[in-house]
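Biologist: Can you put the model up? I'd like to go through it piece by piece.

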Amino acid sequence: LVTVLAPSVAFGDFAGFAEKPALAPFVLGISPACPTPHEVTLEVSIADAAGGVWTGSVKMMVYASYQISGAVTLDGAPAAGVTIEYAGPVSGSRVTDAAGGYRFGVIEGTTVLTAKKADWLDSVPVPVTAPPGVAGVNFAFATATVSGRVTDELTGNPLSGVTIRYGDALTGTATTAGDGRYAFTRIYGRT
């Protein structure tokens with residue numbers, strides 16, 4: 001089910017204990033019929049020009065891989081530069097392209113995705129289970145404005161210069177105008 005396609009690899013000369021990449025890749029072929037996960041043990045022999053030989057074994061796991069993909073929008077338009085963080089059997093992050101798209105590979109299991117960008121409220125985490133691969137895991141962000149008016153409780157007159165503090169995941173302030181009105185705009189994530 002796992003076949004060595006290029007059984008030998010040359011490295012050239014080494015200076016001391018240096019690291020050096022192979023001159024050509026070591027290639028394994030994996031049959032589509034290979035059950036996953038599947039542990040493979042490779043017996044490795046290293047020979048030098050002086051006739052010295054070293055042997056050992058290397059164990060590796062073979063997993064089937066699947067693709068998760070989708071897009072991010074802001075107010076219906078593609079959103080570039082948004083980070084998609086994913087955590088599960090394989091974890092990492094991707095940044096959306098100019099069209100708002102992203103794609104990454106995972107192995108069998110549940111992966112949780114979250115879309116994030118500085119000064120935006122993070123999306124709700126979205127669990128995705130593979131297999132199969134999943135396309136269309138989209139995140140839609142929206143711009144929202146919160147506004148109001150501050151008045152004197154006794155007279156009902158507007159109060160200007162009042163600082164409104166807001167916070168939780170995103171924090172900030174807004175100051176009332178001469179008519180007591182204030183507004184602030186933030187970007188919120190939805191799925």
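Biologist: How many aromatic pairs does the structure hold?

Modeller: The structure holds four aromatic pairs. Rings of Phe, Tyr and Trp (its six-membered ring) pair if their centres lie within 6.5 Å; planes under 30 degrees apart count as stacked, over 60 as edge-to-face and the rest as tilted. One of the pairs is Tyr 86 with Phe 104, which is stacked at 3.8 Å centre to centre, with 5 degrees between the planes.

Biologist: Before we go on, what am I looking at, and how are residues numbered?

Modeller: This is a predicted model, where local features need pLDDT of at least 70, side-chain atom pairs count only at pLDDT 80 or more, and totals for chains, interfaces and linings use all residues. Residues are numbered from 1 along each chain as its sequence is written, and side-chain values use heavy atoms, with hydrogens and water left out.

Biologist: Back to the rings. Where in the chain do Tyr 86 and Phe 104 sit?

Modeller: Tyr 86 is in strand S7 (residues 83-87) and Phe 104 in strand S9 (residues 101-107), so named because strands (E, at least two residues) are DSSP runs numbered from the N terminus. The two residues are 18 apart, and the pair links distant parts of the chain.

Biologist: Buried or exposed, those two?

Modeller: Tyr 86 counts as buried because its relative accessibility is 7%, and Phe 104 counts as buried at 2%. Buried means under 20% relative accessible area, exposed over 50%, and partly exposed in between (1.4 Å probe, protein chains only).

Biologist: Which other ring pairs with Phe 104?

Modeller: Tyr 102 does, in a stacked pair at 6.1 Å centre to centre, with 20 degrees between the planes. Tyr 102 is buried as well. Ring pairs thus link Tyr 86, Tyr 102 and Phe 104 into a cluster.

Biologist: Now the sheet with S7 in it. What is the strand order?

Modeller: The order is S8-S7-S10-S11, in an open sheet of four strands with antiparallel pairing. Strand S8 (92-95) and strand S11 (126-130) are the edge strands, each pairing on one side only. From one strand to the next, the twist averages 25 degrees. For that angle, axes are lines fitted to C-alpha atoms, for helices over the stretch in contact, and angles run from 0 to 180 degrees between N-to-C directions.

Biologist: How many bridges between S7 and S8?

Modeller: Four, in the antiparallel sense. Two strands pair if DSSP finds at least two bridges between them. Glu 85 stands opposite Ser 93 in S8, and the bridge partner of Thr 83 is Val 95. A hairpin of four residues joins S7 to S8.

Biologist: And S3 with S4, how many bridges there?

Modeller: Ten bridges join S3 to strand S4 (residues 53-62), and the two run antiparallel. Val 40 stands opposite Met 60 in S4. The hairpin has five residues between the strands, and Gly 51 in the turn has a positive phi of about 95 degrees.

Biologist: How accessible is Met 60?

Modeller: Met 60 counts as partly exposed, because its relative accessibility is 27%. The C-alpha atoms of Met 60 and Thr 41 are 6.5 Å apart, with their positions 19 residues apart along the chain.

Biologist: Change of topic: what lines the largest pocket?

Modeller: The lining has 23 residues, with Val 9, Phe 11, Ser 45, Ile 46 and Ala 47 nearest the centre. Strand S3 (residues 38-47) gives the largest share, six residues. A pocket here is an open set of points on a 1 Å grid over the protein atoms alone, where a 1.4 Å probe fits, with protein on both sides within 12 Å along at least five of seven lines; lining residues have an atom within 4 Å of a point.

Biologist: How much space is in the pocket?

Modeller: About 680 Å³. A volume is the space filled by probe spheres set on the points, and grid points are joined across faces, edges and corners.

Biologist: Which peptide bonds are cis?

Modeller: One joins Thr 36 and Pro 37, with omega about -10 degrees, and another joins Ala 130 and Pro 131, with omega about 0 degrees. Pro 37 lies in the loop between strand S2 (28-30) and S3, and Pro 131 in the loop between S11 and strand S12 (139-149).

Biologist: What about the phi of Asp 119?

Modeller: Asp 119 has a positive phi of about 70 degrees although it is not a glycine. Asp 119 lies in the loop between strand S10 (109-116) and S11, and is exposed, with a relative accessible area of 64%.
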